[in-house]
Amino acid sequence: HFGVALVAVSTMMIFSGIICWNARSLNVTDAERKHADERVRLVMEATPAAIIMVNREGDIVLLNSEAEKTFGYAREELLGSPVEILVPPRFRVRHAESFERFFSEPQPRSLTARQALFALHKNGHEFPVEIGLNPIRTAEGMMVLSVILDISERMLVEERLRESAAAVEFANESLRSVNEELRRKNVELDEFTY
């Protein structure tokens with residue numbers, strides 16, 4: 001009986017040791033996961049672009065503080081809301097078609113200015129944006145991660161550059177005209193002097 005008791009106690013101690021070791025491993029793994037989650041959250045919040053994650057139903061499930069600033073909404077107002085509130089009414093039909101097409105062919109789409117894209121601020125004004133899309137597979141299903149850049153300032157700078165280029169071209173044309181006039185006058189003066 002003593003031998004059986006010794007084996008039983010030894011087995012219980014071994015299993016207790018294994019359970020303690022597994023618990024410690026799980027605690028370490030959980031701490032590492034929490035640390036990784038915190039790093040991801042910090043990176044997302046530090047990103048200078050608006051980041052919004054939308055589920056298959058079109059509801060916003062995640063966003064960063066830059067999205068709050070860009071669109072003028074508080075986080076609580078956007079979470080759970082349909083992404084269409086950020087799309088100007090005149091583009092909502094096209095957006096719905098693009099949304100369906102993206103989920104039928106989920107491929108990353110980089111930031112691009114190939115087409116005029118606009119977003120809608122909470123106060124109702126539209127502004128030009130560039131949008132990058134990435135499909136994300138999660139435990140809750142397929143999602144789309146959107147990176148959105150407000151390009152209003154860049155568009156203003158580009159317009160000013162175009163205006164400046166036009167002004168420089170006009171000045172160059174005026175200078176060419178004046179130079180031609182001066183050349184003709186010099187020829188006349190040379191002829192008169194001769």
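Start by selecting strand 1 (residues 50–55) and strand 5 (residues 141–150) in this predicted model: the two run antiparallel and are joined by six bridges. Strands here are DSSP runs of E with at least two residues, helices are runs of H or I with at least four residues, and both are numbered from the N terminus; two strands count as paired if DSSP finds at least two bridges between them. Within this pair, pick A50 and look across to strand 5, where I148 stands opposite.

As a reminder while the backbone is on display, strands of a sheet pair through backbone hydrogen bonds, either parallel or antiparallel.

Keep strand 5 selected and add strand 4 (residues 126–138), which runs antiparallel to strand 5 and is joined to it by 10 bridges. A hairpin of two residues makes the connection from strand 4 to strand 5. To see one rung of this ladder, select V129, whose bridge partner in strand 5 is D150.

V129 also leads to the next strand, since selecting L117 shows that residue standing opposite V129 in strand 4. Strand 3 and strand 4 run antiparallel and are joined by four bridges.

Now display the five strands together: they form an open sheet in the order 2-1-5-4-3, with antiparallel pairing. Strand 2 (60–63) and strand 3 (117–120) stand at the edges, and because each has a single partner strand, one side of each is left without a neighbour in the sheet. From one strand to the next, the twist averages 40°, where axes are lines fitted to C-alpha atoms (for helices, over the stretch in contact) and angles between N-to-C directions run from 0 to 180 degrees.

Next, add helix 4 (residues 92–104), which packs on the sheet and touches strand 1, strand 3, strand 4 and strand 5, contact meaning heavy atoms within 4.5 Å. The direction of helix 4 makes about 130° with that of strand 5.

Turn then to the charged side chains, where the structure holds 14 salt bridges, each defined as a side-chain nitrogen of Lys or Arg within 4 Å of a carboxyl oxygen of Asp or Glu. Select E45 and R75, which form one such pair with their closest N and O atoms 3.2 Å apart. This pair links distant parts of the chain, with E45 in helix 1 (residues 2–46) and R75 in helix 3 (residues 75–78), 30 residues apart. Adding E68 to the selection completes a network of salt bridges that links E45, E68 and R75. E45 is partly exposed at 24% relative accessible area, and R75 is likewise partly exposed at 22%; by this scale, buried means under 20%, exposed means over 50%, and partly exposed lies in between (1.4 Å probe, protein chains only).

Finish on helix 5 (residues 152–193), selecting R176 and E173, which lie three residues apart in that helix, about one turn. Their salt bridge has its closest N and O atoms 3.0 Å apart, and R176 is partly exposed at 43%, as is E173 at 44%. Further along, select K185 and E181, whose closest N and O atoms are 3.8 Å apart in their salt bridge. Because K185 and E181 are four residues apart in helix 5, about one helical turn separates them.

Residues are numbered from 1 along each chain as its sequence is written. Local features need pLDDT of at least 70 and side-chain atom pairs count only at pLDDT 80 or more, while totals for chains, interfaces and linings use all residues, and side-chain values use heavy atoms, leaving out hydrogens and water.
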